Amino acid sequence: MPFPRRKTHCGCRSVKNNARSDIAGQRFGRLVAQSPTDRRDEKGSVIWHCRCDCGNEADVSYNSLVYCNQKSCGCQKKEHDKALGGFLVHVDGTSIDALKSSKLPSNNTTGVKGVYLVKGRYLAKIVFQHRQYFLGTYASVGEAAEARKKAEEAIRGEVIRFYEKWSEKRLPILSGRRITP
């Protein structure tokens, strides 16, 4: 019975480090990886220089390309936001239509918008103007729902009333305007 070979390393050589893999020429959505740079991200992943289909160039980490599904230099999000702009009314970075909606997100498990079960407790939060406001953690879903409802009424009520007053004042001005060829 032969003896197993002795390892002369701790095991680090037997694990393939994908952060060093050559992905030059590969396509990730709209991005094509061109060449690795000398820089690394905070996790040690190599930063790759990429060219986007729109013509822009971006430096993106290997992990973002391969695992995090970064698909473009940012142009795809801009196009998406521009397309949504015609459907949603935004005031100071807040979607009025989303505020008025009471629809639950498809991944909601508690049945209450803005309430999440985290480590056996219910966390309540609200997002307003791209900021998350944590309202606290509660023992029951009812307590968390009540905290969320109070915060929602305070923020939502004021913003919607302001927008409706503003749009009432704006509509007579816009309807009276004549467009001449």
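## Exercises on strands and cysteines

In this predicted model, strand β8 (residues 121-128) pairs with strand β9 (residues 131-138) in the antiparallel sense, over seven bridges.

**Exercise 1.** Find which residue of β9 stands opposite Ile126, and which residue in the hairpin of β8 and β9 takes a positive phi.

*Solution.* Begin with the pairing of the two strands, which is antiparallel and runs over seven bridges. Within this pairing, the residue of β9 that stands opposite Ile126 is Tyr133. Then turn to the hairpin, which has two residues between the strands, and where Gln129 takes a positive phi near 50°.

**Exercise 2.** Work out the strand order of the open sheet of four strands, and explain why β1 and β4 stand at the edges.

*Solution.* The order is β1-β2-β3-β4, and the pairing is antiparallel. Because β1 (27-28) and β4 (57-61) each have a single partner strand, they stand at the edges, and one side of each is left without a neighbour in the sheet. For β1, pairing with strand β2 (residues 31-40) is in the antiparallel sense over two bridges, and Arg27 stands opposite Val32 in β2.

**Exercise 3.** Decide why Cys75 forms no bond with the closest cysteine sulfur, and whether Cys75 is buried or exposed.

*Solution.* The closest cysteine sulfur to that of Cys75 belongs to Cys52 and is 3.6 Å away. Since a disulfide requires the sulfur atoms to be within 2.5 Å, this separation is too far for a bond. By this rule, the count of disulfides comes to zero. As for accessibility, Cys75 has a relative accessible area of 11% and is therefore buried, whereas Cys68, at 54% relative accessibility, counts as exposed.

Definitions and conventions. Residues are numbered from 1 along each chain as its sequence is written. This is a predicted model: local features need pLDDT of at least 70, side-chain atom pairs count only at pLDDT 80 or more; totals for chains, interfaces and linings use all residues. Side-chain values use heavy atoms; hydrogens and water are left out. Buried means under 20% relative accessible area, exposed over 50%, partly exposed in between (1.4 Å probe, protein chains only). Two strands pair if DSSP finds at least two bridges between them.
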